[in-house]
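Colleague: Could you take me through one small part of this model, step by step? I would like a close look at a single strand and its neighbours.

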Amino acid sequence: MYTKNCRKRASKMNALLLLMTRERHGQHRQHNASCKILRSLICGGNYSYKKVWQKNSDKRIACEGGKIYFDNFRIWYGGYNLKNEPQCLQVNQPRGPNRKIEDALVACIHSECLPLSNDGHKSSLFCLEKKWLLRFVLEKKRVLPIESVFLSPTHKFSDISWNEPQTSLVLRTTHNSRPYQHVRQAGAPVPIVMLLAVFEVCPLKFVGMLKITEEVFGKDVVHAVISQGLLITMHHSGWVRMYSFDRIVEKYRRFEAKLFEEFDTEGNICGEMPCGLPCNIQITECPPVLFEVRCAQHIVDVGGFPWHYLTSPHSTSQSCFHVRNLTTGQLAQNGTLAMDVTNLDTDKASFYGDDSGRILYVGATDIRLFKFSVDDKGCKVDKDFSVDLSRNTKVEEAMYTSSGRSIRRKVSTTELRDTSEMTIHNVDYEDDLDLLYTSAVYQDPEGTYNMVNLYHNTTGALLRAVRLEEPWQEVYEHRVILDLDTIIKVVKPSPGRFCCIVYRLCSNIEDQETKHKSTSKHHRPVQRDMPSVLPVLETGVGHMHQCNRKGKRNSLDVEAIQVVMLSSGSLLSLDWHKTREGQEVLASVLQRNLTKLKRFGLLERPMVPLHISVSDVRYKVFLLGKSGVGKTSTIAKHSGCQIPTVHSETQGIQTTTVFWPVKNLQLNKAFMFQIQFWDTGDNSTKKYDHIMPACLDKADAIIFLFSFVDKSSFEDIPHQLTRISTPKDNTTKLLIGTKFDQFAHSEITQRDIRDFEHNWKIPILKTRNIPDAENQNSFNDIAQNLNIICEHLWQRDLKIGGKGPPGDNKISYC
């Protein structure tokens, strides 16, 4: 009895403390304290974000409320297991063959936000199925929705949004495509632009549905939304008008309809077939306009202290924004926001996501935050701080006359700042961690990568920079969501393809201990007269690691292949073509665009400058691989030829000559490598017995090709090595992985690449088989691969005893 009374008193005390907490703080202090600890670990601890999960889909991927939604919100992932991977929480079966979910919203119901009189409402997912509104409970693994509301038998709804976040939602029908210049005939119905239906979510309650017509709101009305208790209409002439939605409901709502109850004398039930929802809000005249402004692209944002509105002027062609007082419409001091450098991309400006009332301005390379200050002259806009995400910032100095006035000049499209090497995709605010984070994609000669930067919300100081992999050079959509200790990346690399990558905050100490244990466990003693460790070439696919020559091998004796993996850049200067001397020689083998190699005839040679001594060395290289892996396109890309867009089998033997200059580090001398690539079709080698011996005869190197999107071609490489290699074979062996631009859809993992390099001691290169990719990044990939091939050919000649260093039969250019 004493225990029961104590429990009752404790429950009453907890309810009282909960009410006091809601009244004073709004949320529990313990949550804020935990977020502060997590923020210190993210910004300054020995932790890093690591990729833990990836999933591809052919339908749009959404992230909301800490969950990931696939297959049009039918499959949900959330929560993380011991491997830090998201768990599948629910799989909803489709309600019919043509029942597609158009849009959805997540209503996260917290105990602190619920009214005192509630029925234990749970967090819900509201899905829109054209003519149906469905509600699923997130905490329960239900296959069918717990509530289904039939909307309309004639109109299709396509959009769902919040009127007031987590309180009231709005449904919009598809926009009527009939132009506003439509000439009405006698007796024709009034054109309806769209329908808007409003619901309360806790519990689900129907407020009303209204029509947006040209007769009431004007012939040029094109769109309408309900947000923050305001009905906002947008017009073709650029005007944006706002009305009080509460006053519209109070004045024009004819009757109140409750869900799943009769609303007329004919026995029609609200929210059920065949009638659906009644249009109980009928606006007969234009309501009083609370606020109107004419702007470009209907961009209006209200906020700040005191109240201001942010808009883009209708008459301005460049990216420019004005900050005006909401009451008087007066332009604030320094209220014209524009970047110093004109860009082709449209800038973005809005009020910042925190409660500071600041303005966030996002340009092509810069991010600026502005704050309000009040003085005797009125309200003033000052720059709080700025963040420059470009690595090579060039600020043009302003020109002034003798009297001190600045000189303005016209800006042409050829003088616009080129920001193609960097693209800003996300700038957002993480409220729990109180951090500003940005996501930008950079394109370097080394490759493409994604940087996520975390900044102090008040000072703008950089706290943490996280580098993420970016296997795609061009994407249609790119989103990065920072949610406490998780980074979710959603990318649309091509039409109809989506990819979701999850990064989790992991401790670096645990990884170091695990790596140390695995290293000590597999350690083997080696003999002194034999080098125990061979350096491995870093190709960009794998990582630099060390291999034990006495380690375990496959059933084939790898020593018979006699392949020695050398350190990249140990024999030849890999960056010599970027020097002044190297560029003079390189210009003789490049086309005019300086991004593709020049094609030479049978008797033609490069015209090297006379003051540079260059010697010629010749090699024969045979390319071998399955049909369709990209042998012909790889040769075409590395020789300056046109990459074929349609696959066709190579008939017979095809030879292509490539000239490439390098500089030997030991001899300090330049050489011109004349590489003759031999290519043949897979069917030709099977049909004619003389083709394979002719290709292998006097071959200096064999390059095996596989495709990153065809795992069988990679698994067939060991069989080809076994078939081609002999104990007395001195041929250099290399591997090239083609179609690396589609690595996101590859079935070959990086672990497979590292294991192959470790077991076979053969380096693996990569190439992107993209037609007409004439840019600097493509040329850098070609130069890297040719340098590595030349270096291994040089190493092969040094390895063969009795022949001495290469270059005995050289032809000097005069």
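Modeller: What follows is a walk around one strand and its partners. Keep in mind that this is a predicted model.

Take strand E22, residues 359-362. Is each face of E22 buried or exposed? Both faces are covered. Ile359 and Tyr361 sit on one side, and they are buried. Leu360 and Val362 sit on the other side, and they are buried too. Why does the list split in this way? In a regular strand, side chains alternate between the two faces of the sheet. The word "buried" has a cut-off here: under 20% relative accessible area.

Now look at the partners. Which strands pair with E22? One is strand E21, residues 348-351. E21 and E22 run antiparallel, with 4 bridges between them. Find alanine 349, and you can follow one bridge across: its partner in E22 is tyrosine 361. Tyrosine 361 is also one of the buried residues of E22.

Another partner is strand E23, residues 366-375. E22 and E23 pair in the antiparallel sense as well, again over 4 bridges. Here, leucine 360 of E22 stands opposite leucine 369 of E23. Leucine 360 is buried, on the side that holds Val362.

How does the chain get from E22 to E23? A hairpin joins them, through 3 residues.

So trace the part once more in your viewer. Start at E21 and cross to E22 by the pair alanine 349 and tyrosine 361. Then follow the hairpin from E22 into E23. Finish at leucine 369, opposite leucine 360.

Notes:
Residues are numbered from 1 along each chain as its sequence is written. This is a predicted model: local features need pLDDT of at least 70, side-chain atom pairs count only at pLDDT 80 or more; totals for chains, interfaces and linings use all residues. Side-chain values use heavy atoms; hydrogens and water are left out. Buried means under 20% relative accessible area, exposed over 50%, partly exposed in between (1.4 Å probe, protein chains only). Helices (H or I, at least four residues) and strands (E, at least two) are DSSP runs, numbered from the N terminus. Two strands pair if DSSP finds at least two bridges between them.
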